[in-house]
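Q: I would be grateful for a close look at one part of this structure, namely the disulfide and its surroundings. Please set that part within the chain as a whole.

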Amino acid sequence: PFFAPEHAADTLTELIQSANTSVDIMTPSVSSWISACGAYVDDDAATCAPGCTPQQQQQETFPLFPALLNAMHRGCAVRLITNDYGYADCPGTISMLQYLALNGASVRFFTTTTFVHAKYIAIDNGTKAAVSSINWSKTSMTKNREAGALISGNEALLGYMQAVFEADFTQAYDLVPSDWSAEELSIITDPT
């Protein structure tokens with residue numbers, strides 16, 4: 001077991017860093033830890049989601065974000081299922097989801113039921129997983145009392161969880177990354 005706020009970010013970051021071949025994620029949303037980048041759209045009149053510039057996003061402080069980029073740059077396949085809230089990124093800004101997709105992650109929007117509320121990470125084709133109440137937000141990881149568990153060695157349980165992920169992933173639809181200039185793409189895809 002692990003709990004937030006004490007050990008959520010470090011436990012989940014270490015799980016991602018230990019991946020050799022793959023990282024599969026199911027989470028309701030992904031929020032930047034950079035306050036200037038706006039986490040949520042709570043204005044009914046909004047037409048886009050505020051985000052970071054590519055240069056700001058490159059400095060993201062949410063530890064799971066660089067862990068995922070590093071996993072992809074060392075050859076791990078990264079797949080992520082989340083909800084589509086219906087807002088594109090505002091012009092000139094990029095969300096973590098777009099950034100991950102442009103670095104090779106397969107980001108898909110959930111369609112299987114009304115809403116994905118699960119918080120699930122599996123590595124290496126489901127050989128180890130984390131299931132928790134912890135959202136991918138700074139508040140959930142650093143301020144809330146949340147709980148989670150790492151699971152390994154139970155092939156039946158891990159196989160079942162991975163089968164659910166696979167079924168949901170198959171039915172989900174792809175995030176389509178925005179167009180970026182060659183200069184901006186070189187910042188976004190910089191492996192350093």
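A: The following account begins with the disulfide, then turns to the backbone and ends with the whole chain.

The model is predicted. It holds one disulfide, which joins Cys-48 to Cys-90 with an S to S distance of 2.0 Å. The two partners lie in distant parts of the chain, 42 residues apart. Cys-48 belongs to strand E3, which covers residues 48-49, while Cys-90 sits in the loop between strand E5 (88-89) and helix H4 (96-102). The torsion about the S-S bond of Cys-48 and Cys-90 is about 90 degrees, and the disulfide is therefore right-handed.

Are these two cysteines buried or exposed? A residue counts as buried when its relative accessible area is under 20%. Cys-48 has a relative accessibility of 18%, so it counts as buried. Cys-90 has a relative accessible area of 15% and is therefore buried as well. Another cysteine, Cys-76, is at 5% relative accessibility, and so it too counts as buried.

The backbone also deserves attention. Most residues other than glycine have a negative phi, and most peptide bonds are trans. The peptide bond from Ala-4 to Pro-5 is cis, with omega near 10 degrees. Pro-5 is placed in the loop between strand E1 (2-4) and helix H1 (8-17).

The loop between strand E7 (119-123) and strand E8 (128-132) contains Asp-124, and Asn-125 is found in the loop between E7 and E8 too. Although Asp-124 is not a glycine, its phi is positive, at about 50 degrees. Asn-125, also a residue other than glycine, has a positive phi near 60 degrees. Asp-124 has a relative accessible area of 13%, so it is buried, whereas Asn-125 has a relative accessibility of 56% and therefore counts as exposed.

Finally, the setting of these parts may be described. The secondary structure of the chain comes to seven helices and ten strands. For 192 residues, a compact globule would have a radius of gyration near 16 Å, and the chain agrees with this because its own value is 16 Å. Its C-alpha atoms fill a box of roughly 45 × 35 × 35 Å along the principal axes. Of the 192 residues, 48% are buried. Among contacts with a separation of 6 or more, 80% are between residues 24 or more positions apart. The chain exposes about 9400 Å², of which carbon and sulfur atoms supply 54%.

Key: Residues numbered from 1 in each chain as written. Predicted model: local features only at pLDDT ≥ 70, side-chain atom pairs only at ≥ 80, totals over all residues. Heavy atoms only, no water. Helix = DSSP H or I, 4+ residues; strand = E, 2+ residues; numbered from the N terminus. Rg over C-alpha atoms; globule rule 2.2 N^0.38 Å. Buried < 20%, exposed > 50% of the residue type's maximum accessible area, 1.4 Å probe, protein only. Contact = heavy atoms within 4.5 Å. Areas by Shrake-Rupley, 256 points an atom, 1.4 Å probe, with all protein chains shown as cover. Disulfide = S-S within 2.5 Å.
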